Amino acid sequence: MIQLLVSHVHHAARGTGERLATLLGSLTSPGVNVRLISAPAYQGRFRSRWIDVKVHATKGHGHPDADTTDALDALPGALDAITGHEVKGFGWVSGGALAGSHAIREGLALSVRLDIETGAQRFPDPRFALDERALTTTHDPEEVAA
């Protein structure tokens, strides 16, 4: 697994995380605040790419009885809305899922994995090429026949 530190990709991944947090916040009750904590971009071998988004859903000021579990209920709608979103230089969101959740002071922490799809036609810039190391195995036709 490689964490991509190219500033362009880091900025685009953070922007995607902010968009997911905004969508999630708009789908929860008014007493719940949703805030982005982190959104690092990763590339694994065999062409897989993803963004791990971590958000906090907390009770807003003046809303001591707010139910922060609304964020869990709203997550499928937010994931549907962000699917297809372009992450410039990295790909586009092809789906996602809840990777984990736990209680925090005054709320809930959610970890969401956004799967990223790429295509050579969409991103011809070689600076953002896929890691091809796992795909470069060559076979000698005579060796395969034996």
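**Reading strand β4 and its neighbours**

Me: Let me start with a pair: which residue in β7 stands opposite Asp52?

Reply: Arg113 stands opposite Asp52. Keep in mind that this is a predicted model.

Me: OK, and how many bridges join β4 to β7, and in which sense do they run?

Reply: Strands count as paired when there are at least two bridges between them. Here β4 and β7 (residues 107–117) run antiparallel, joined by 10 bridges.

Me: Which strands besides that one pair with β4?

Reply: Strand β2 (residues 32–38) pairs with β4 in the antiparallel sense over 6 bridges. One place to look is Ser38, which stands opposite Lys54 in β4. Strand β3 (residues 41–43) is antiparallel to β4 as well, over 3 bridges, with Tyr42 partnered by Trp50.

Me: What sits between β3 and β4?

Reply: They form a hairpin with 5 residues between the strands, and Phe46 there takes a positive phi near 60°.

Me: Is β4 mostly covered or mostly open?

Reply: A general idea to start: side chains in a regular strand alternate between the two faces of the sheet. As for β4 (residues 49–59), it is mostly covered, with 8 of its 11 residues buried.

Me: Now the helix: why does Thr16 count as buried?

Reply: Buried means under 20% relative accessible area. Thr16 counts as buried because its relative accessibility is 0%. You'll find it in helix α1 (residues 7–27).

Me: And which residues does Thr16 touch?

Reply: Leaving aside residues up to four places away in sequence, Thr16 touches Ile51, Ile82, His85, Glu86, Val87, Val93 and Leu114.

Key. Residues are numbered from 1 along each chain as its sequence is written. This is a predicted model: local features need pLDDT of at least 70, side-chain atom pairs count only at pLDDT 80 or more; totals for chains, interfaces and linings use all residues. Side-chain values use heavy atoms; hydrogens and water are left out. Helices (H or I, at least four residues) and strands (E, at least two) are DSSP runs, numbered from the N terminus. Buried means under 20% relative accessible area, exposed over 50%, partly exposed in between (1.4 Å probe, protein chains only). Contact means heavy atoms within 4.5 Å.
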